[in-house]
Amino acid sequence: MQQVENTKIWTKRFMSLFLTNISVFFVFYGLVTTLPLYAIGELHQTDKEAGLLLSVFLLSAIIVRPFSGKLLDVFGKKKLLVISIVGYFLCTVLYLFIHPFGLLLGLRFIQGIFFSIITTAAGSLAADIVPANRKGAGLGYFTMSTNLAVVIGPFIGLLLIQYSSFNVLFIVMSICILAGGTLAVTVNTDDLPKPAYQGKLTFKFDDLLERKALPVAAIASLVAFSYASVLSFLSVYAQQKDLMAVASLFYAVFAAAMLITRPYTGKLYDTRGPQFVIIPGIISFAIGLVMLAFVSGPALFLFAAIFVGFGYGAVTTSLQALAVQSTAHTRSGYATATYFTMFDLGIALGSYILGIVAVKAGYAAVYLTGAGLLIVVFFIYLARLAKIKTKKVVHV
């Protein structure tokens, strides 16, 4: 009986953390989709200025992320999670009152700080809560919360501003994150391991990043670079190809592909090893991007979403699990921070560099570049990471 209990993933606290993460990313993706429209339509800004709303958010997240692992050790993961959610909530409420664009950019920068700490704390707590022999499946399931928010956030956000107003959007977002924060308070962490140097606020290299997780995180940054082609340019590309009518369906199919395959890839990771998930995932992701480069109609467009969704979901969740497993259990916060620092950096660089590619050579070249980089990732993984050993526990 004890053995069954020790391998159970969907505990009460895991589900509370899962729902908290949904609320955080629901607000993130909902605002990423709607704030540019708010800036252009309500605040009368240009497209370029509206794009800064995401840039400053990511900038603060990238700056703070390396420090978040140490901060979690000093102040406690749950405590910092709850405090950061309160800050995130207050920032969301302030959208109702802050209208000058310069102040709005400042608000986005501050909210990005809280977002960085929340996501590091939540990911680290999830890694601690999930049984050691179920890391692949458990962290994969936890990442499903983000996958759900990718669809729900933009869908509800656009629906609210279409049939109501931006103020109603901000109120709904605020209520959602308040509910998530309430759930975070209920997460019991008394039995989780405490860091060896809790209470000492120092910032040496090992207080910022986890050396053992860096090789995996570096691979993740390259994958994120390729993913920027989807995150940043898909809607513009769909508009060019007269596919806006099915653009929202792309994200639905994308998320469905991740969610449906997640239980199988997680189990495969735990029983056979990460290479049995990561290698097919890289190949699938690359195939999907090549399909997008040559898309000519809605059928191929949505078919590409299946390959991209499965590949991206399989690779990123497996790399995150691998980063956490590469180091000691008490360093999970640092490993998570290292992973997300490199991942955010990859998206930021990818959005900028692939934007230049789009201007110079068109959007088809953007997706071919992303696919080409994934081929490079494939060979790097085979050469450097395929031999990483993870603990294998036989399930009974």
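A residue counts as buried when its relative accessible area is under 20%. By that cut-off Arg13 is buried, because its relative accessible area is 19%. The structure described here is a predicted model. A search of the whole structure finds two salt bridges and zero disulfides. The points below take up these pairings, one helix crossing, two residues with a positive phi, and the surroundings of several single residues.

**Surroundings of Arg13**

- Arg13 has its place in helix H2, a helix that covers residues 12-41.
- Once its neighbours within four places in sequence are left aside, Arg13 is in contact with Ile129, Val187, Asn188, Thr189, Asp191 and Leu192.

**Salt bridges**

- Side chains of opposite charge can pair when their charged atoms come close.
- One of the two salt bridges joins the side chains of Arg65 and Asp344, with an N to O distance of 2.7 Å.
- This pair links distant parts of the chain, since Arg65 belongs to helix H3 (residues 47-75) and Asp344 to helix H13 (residues 332-361), 279 residues apart.
- Arg65 counts as buried because its relative accessibility is 1%.
- Asp344 likewise counts as buried, with a relative accessibility of 8%.
- A salt bridge is also formed by the side chains of Asp128 and Lys77, at 2.6 Å from N to O.
- Asp128 lies in helix H5 (residues 101-129) and Lys77 in helix H4 (residues 77-94), so this pair ties together parts of the chain that are 51 residues apart in sequence.
- Both Asp128 and Lys77 are buried.

**Cysteines**

- Cys91 takes part in no disulfide, and the nearest cysteine sulfur, which belongs to Cys176, is 16 Å away.
- Seen from Cys176, the closest cysteine sulfur is that of Cys91; a disulfide requires two sulfur atoms within 2.5 Å, so the separation of 16 Å is too far for a bond.
- Cys91 counts as buried, because its relative accessibility is 5%.
- Cys176, by contrast, counts as partly exposed, with a relative accessibility of 21%; the class of partly exposed residues lies between the limits of 20% and 50%.

**Crossing of helices H6 and H7**

- Helix H6 spans residues 135-163 and helix H7 spans residues 166-185; their axes come within 8 Å and cross at roughly 145 degrees.
- The crossing in which H6 passes H7 is right-handed.
- On the H6 side the contact is made by Gly157, Leu160 and Ile161, and on the H7 side by Phe166, Val168, Leu169 and Val172.
- Six of these contact residues are nonpolar, one is polar and none is charged.
- The polar residue in the contact is Gly157, because glycine is counted among the polar residues.

**Residues with a positive phi**

- Most residues other than glycine have a negative phi.
- His44 is not a glycine, yet its phi is positive, at about 60 degrees.
- The place of His44 is in the loop between helix H2 and H3.
- With a relative accessible area of 66%, His44 is exposed.
- Asp242 also has a positive phi without being a glycine, at about 55 degrees.
- Asp242 is found in the loop that lies between helix H9 (214-240) and helix H10 (247-272).
- Asp242 counts as exposed because its relative accessibility is 71%, and the limit for that class is over 50%.

**Surroundings of Gly346**

- Gly346 is found in helix H13, the helix that also holds Asp344 of the salt bridge with Arg65.
- At 4% relative accessibility, Gly346 counts as buried.
- Gly346 and Ala224 are 122 residues apart in sequence, while their C-alpha atoms are 4.9 Å apart in space.
- Apart from its neighbours within four places in sequence, Gly346 is in contact with Ser221, Ala224 and Phe225.

**Position of Leu90**

- Leu90 has its place in helix H4, the helix in which Lys77 of the salt bridge with Asp128 also lies.
- Leu90 counts as partly exposed because its relative accessibility is 46%.
- Leu90 and Ile177 are 87 residues apart in sequence, and the distance between their C-alpha atoms is 9.6 Å.

Technical notes: Residues numbered from 1 in each chain as written. Predicted model: local features only at pLDDT ≥ 70, side-chain atom pairs only at ≥ 80, totals over all residues. Heavy atoms only, no water. Axes fitted to C-alpha atoms, helices over the stretch in contact; angles between N-to-C directions. Helix = DSSP H or I, 4+ residues; strand = E, 2+ residues; numbered from the N terminus. Left-handed = near helix turned anticlockwise from the far one by under 90°. Contact = heavy atoms within 4.5 Å. Buried < 20%, exposed > 50% of the residue type's maximum accessible area, 1.4 Å probe, protein only. Salt bridge = Lys/Arg side-chain N within 4 Å of Asp/Glu carboxyl O.
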